Amino acid sequence: MYNKHIKPILDILFAIVFSIGLFPLFLIIAIILKFSQHGSILYKQERVGQNGEIFLIYKFRSMSVDAPILFGPERFKIKSKITRVGKFLRVTSLDEIPQLINILRGEMSFIGPRPVISAEKKLLALRQREGALDIKPGITGLAQVHGRKKLTIAQKAQYDAMYADNISLWLDFCILVKTIPVISEREGVRKSFKKH
């Protein structure tokens, strides 16, 4: 009941509220990006969504326009492509703000498995097998508050499946609460920059 009827409504309502409340910040970031780098201020990339459907995810651009698309450990090879403004946006998770557009379009939820590119076949296969592709991807999720990039692919899929099997208003609330300190501490992100 919650997943099929209430959750989508709450997603839209909160997305509208946050879009209005964060619009001044959105505008400031957009202006800074416009005058500090080349290319569009928004970065669009194809991701795998609910039921395996492809959609365009929106983020504030944090890399130079010539940065290749890499994933997993390979992504650290393009660290030099991250702009100074982009590094700040990533560390503070402000680059995720445009994903409110995806929520309003019905492509994402606030809570759910993080959407990945189609090249991440192993993770997608595990999600498919465990039923985690049956739900909308989210801005944050159970895996994000239990280790983020420190998790193995199998562990990520396990948390994704666990969430898909136990969706509830209380679980969503708990994940949101736990996301706040994760963003503050930037577990798995700040350490990644230090290592490379």
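1. Helices here are DSSP runs of H or I with at least four residues, numbered from the N terminus. Under that convention, Ile31 belongs to helix 2, which covers residues 23-36. The model under review is a predicted one, and the points below should be read accordingly.

2. Overall organisation. The protein contains 8 helices and 4 strands. Read from the N terminus, these elements follow the order α-α-β-β-α-α-β-α-β-α-α-α. Of the 196 residues in the protein, 41% are buried. Among contacts with a separation of 6 or more, 68% join residues that are 24 or more positions apart. The protein exposes about 11,300 Å², and 63% of this area comes from carbon and sulfur atoms.

3. Helix 2, geometry and buried side. The 14 residues of helix 2 should span 20 Å at 1.5 Å a residue, and the C-alpha atoms at its ends are 20 Å apart, in agreement with that expectation. Its buried residues are Ile29, Ala30 and Leu33. These three lie on the same side of helix 2, because they cover an arc of only 105° around the axis. The general background is that an α-helix has 3.6 residues a turn, so residues three or four places apart point the same way. The cover over the buried residues of helix 2 includes strand 2 (54-60) and helix 3 (84-92).

4. Helix 2, outward side. Exposed residues Lys34 and Phe35 are carried on the face of helix 2 that is turned away from its buried side. Phe35 also takes part in a nonpolar surface patch with Phe23, Leu27 and Ile31; together the four residues have about 470 Å² of accessible area. Within this patch, Ile31 has a relative accessible area of 45% and is therefore partly exposed, since that class lies between the buried limit of 20% and the exposed limit of 50%.

5. Two residues with positive phi. Most residues other than glycine have a negative phi. Asn51 departs from this pattern, with a phi near 60°. Asn51 is placed in the loop between strand 1 (42-48) and strand 2, and it is exposed, at 52% relative accessible area. Ser93, likewise not a glycine, has a positive phi of about 65°. Ser93 sits in the loop between helix 3 and helix 4 (99-104); with a relative accessible area of 16%, Ser93 is buried.

6. Arg47 in strand 1. Which residues does Arg47 touch, leaving aside those up to four places away in sequence? Its contacts are Glu53, Ile54, Phe55, Ile57, Lys59, Arg114, Pro115, Val116 and Ile117. Arg47 lies in strand 1 and is buried, with a relative accessible area of 11%. The C-alpha atoms of Arg47 and Val116 are 5.3 Å apart, although the two residues are 69 residues apart in sequence.

7. Leu126 in helix 5. Leu126 is part of helix 5, residues 121-130, and is buried at 17% relative accessible area. Beyond residues up to four places away in sequence, Leu126 touches Ile153, Ala154 and Ala157. Its C-alpha atom is 9.5 Å from that of Asp160, a residue 34 positions away along the chain.

8. A salt bridge between helices 1 and 7. The structure holds 6 salt bridges. In one of them the side chains of Asp172 and Lys7 meet, with an N to O distance of 2.7 Å. Asp172 is in helix 7 (residues 169-185) and Lys7 in helix 1 (residues 2-21), so this pair ties together parts that are 165 residues apart in sequence. Asp172 is buried, with a relative accessible area of 6%, and Lys7 also counts as buried, at 6% relative accessibility.

9. Other salt bridges. The side chains of Glu107 and Arg105 form a salt bridge at 3.2 Å, N to O. In this pair Glu107 counts as buried at 17% relative accessibility, whereas Arg105 is exposed at 52%. Glu130 is paired with Arg129, their closest N and O atoms being 3.2 Å apart. Here Glu130 counts as partly exposed at 36% relative accessibility, and Arg129 is exposed at 63%. A network of salt bridges links Lys59, Glu96 and Arg114. Of these residues, Lys59 and Arg114 are among the contacts of Arg47.

Note on methods
Residues numbered from 1 in each chain as written. Predicted model: local features only at pLDDT ≥ 70, side-chain atom pairs only at ≥ 80, totals over all residues. Heavy atoms only, no water. Buried < 20%, exposed > 50% of the residue type's maximum accessible area, 1.4 Å probe, protein only. Contact = heavy atoms within 4.5 Å. Areas by Shrake-Rupley, 256 points an atom, 1.4 Å probe, with all protein chains shown as cover. Patch = residues over 30% accessible without salt bridge, like charges linked within 9 Å, V, L, I, M, F, W, Y side chains within 5 Å. Expected span 1.5 Å × (residues − 1). Arc of directions from axis to C-beta.
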